[in-house]
Amino acid sequence: MASPYKPWLFLLALAGLTLTSQAGKIAIYWGQNGNEGSLSDTCASGDYSFVILAFLCSCGTGQNPQLNLAGHCDPYSNGCTGLSSDIKSCQAKGIKVLLSIGGGAGSYVLTTKDDARQVATYIWNNYLGGQSSSRPLGDAVLDGVDFDIEGGSPDHYDDLARYLSAYSSQGNKVYLSAAPQCPYPDAWVGKALSTGLFDYIWVQFYNNPPCQYSGGQPTNLEDAWKQWTDACFAGGMPPGAGAGGRGFRPAGDLTSKVLPVIKGSSKYGGVMLWSRYYDNETGYSKTILSSV
């Protein structure tokens with residue numbers, strides 16, 4: 001997700017598909033800037049329907065999974081368990097809180113099907129509905145897992161999706177989301193998405209010249225949107241997109257040129273933004289909320 005470009009250029013990419021009528025939602029990534037405010041305040045803002053905790057940046061190949069929430073807290077000293085009450089507060093407001101695995105930096109790769117099973121078991125026991133004596137975020141049960149895979153290998157994330165989804169049979173639904181790049185099919189999670197198990201897909205329509213808004217024209221984005229929506233199986237995508245260096249659109253362009261074109265799709269679900277810090281800086285979500 002991270003971009004080498006100026007912070008205020010961070011913005012969005014959208015694409016949302018969903019099997020339900022959840023159009024008009026905004027998703028936000030939280031956790032990679034200690035100056036973005038608390039998780040509780042993020043949810044209390046009233047701007048978001050999904051908050052994605054970023055990132056579980058290391059996992060697979062037998063390594064000890066590592067959570068990185070930047071300047072917010074230190075999971076290695078149990079410093080993040082206090083977020084449990086914030087998570088529950090968000091969920092009480094009807095906001096889904098997901099754990100994102102991957103990111104633009106880190107050490108994550110799955111080498112075998114059994115590797116995927118072990119990672120799924122770890123996530124279930126430490127972040128979802130399972131049991132562990134060392135849950136990094138305390139006893140709060142997250143709503144699901146987001147795949148923001150941007151490196152390593154594309155192998156076995158389909159297996160990870162199947163293992164995680166299977167845990168839905170043990171109680172609460174385990175929601176799956178993904179943040180693929182907009183060139184279709186995505187090189188990293190394309191195979192995982194083909195399982196049809198994903199509930200939400202937020203496509204990154206930025207930092208990708210062939211399929212981002214450019215030159216004052218949404219044509220490239222529209223064409224990519226059509227590719228994604230035409231290819232969507234029984235899984236779906238809601239709030240779509242993110243925020244990045246190139247492809248940033250001022251709120252006025254989004255609401256007047258982009259959303260009118262794509263909101264007619266039955267698979268449109270809203271907008272995803274990277275990240276809460278930059279959204280605070282720009283007030284972007286509040287500007288577009290009534291139009292999403």
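**Close-up views of salt bridges and of L289**

At 36% relative accessibility, K173 is partly exposed (between the limits for buried, under 20% relative accessible area, and exposed, over 50%, with a 1.4 Å probe and protein chains only). The model is predicted, so local features need pLDDT of at least 70 and side-chain atom pairs count only at pLDDT 80 or more, while totals for chains, interfaces and linings use all residues. Residues are numbered from 1 along each chain as its sequence is written, and side-chain values use heavy atoms, with hydrogens and water left out.

**View 1. Salt bridge between D199 and K173.** The closest N and O atoms of D199 and K173 are 3.1 Å apart; a salt bridge here is a side-chain nitrogen of Lys or Arg within 4 Å of a carboxyl oxygen of Asp or Glu. D199 sits in the loop between α5 and β9 (200-201), and K173 in the loop between α4 and β8 (175-178). Helices (H or I, at least four residues) and strands (E, at least two) are DSSP runs, numbered from the N terminus. The two residues are 26 apart in sequence. D199 is buried, with a relative accessible area of 17%.

**View 2. Salt bridge between D158 and K191.** The N to O distance in this pair is 3.9 Å. D158 belongs to helix α4 (residues 157-166) and K191 to helix α5 (residues 190-193), so the bridge ties together parts that are 33 residues apart in sequence. D158 is buried, at 7% relative accessible area. Through shared partners, salt bridges join D158, D159, R162 and K191 into one network.

**View 3. Salt bridge between K286 and D47.** The closest N and O atoms of K286 and D47 lie 3.1 Å apart. K286 is in helix α9, and D47 is in the loop between α1 (39-44) and β3 (50-59). The pair links distant parts of the chain, 239 residues apart. K286 counts as exposed, at 53% relative accessibility, whereas D47 counts as buried, at 5%. The structure holds eight salt bridges.

**View 4. Surroundings of L289 in the segment after α9 (284-288).** Neighbours within four places in sequence left aside, L289 is in contact with I26, G46 and D47 (contact means heavy atoms within 4.5 Å). D47 is also the salt-bridge partner of K286. From C-alpha to C-alpha, L289 and G24 are 8.0 Å apart in space, with their positions 265 residues apart in sequence. L289 is partly exposed, with a relative accessible area of 32%.
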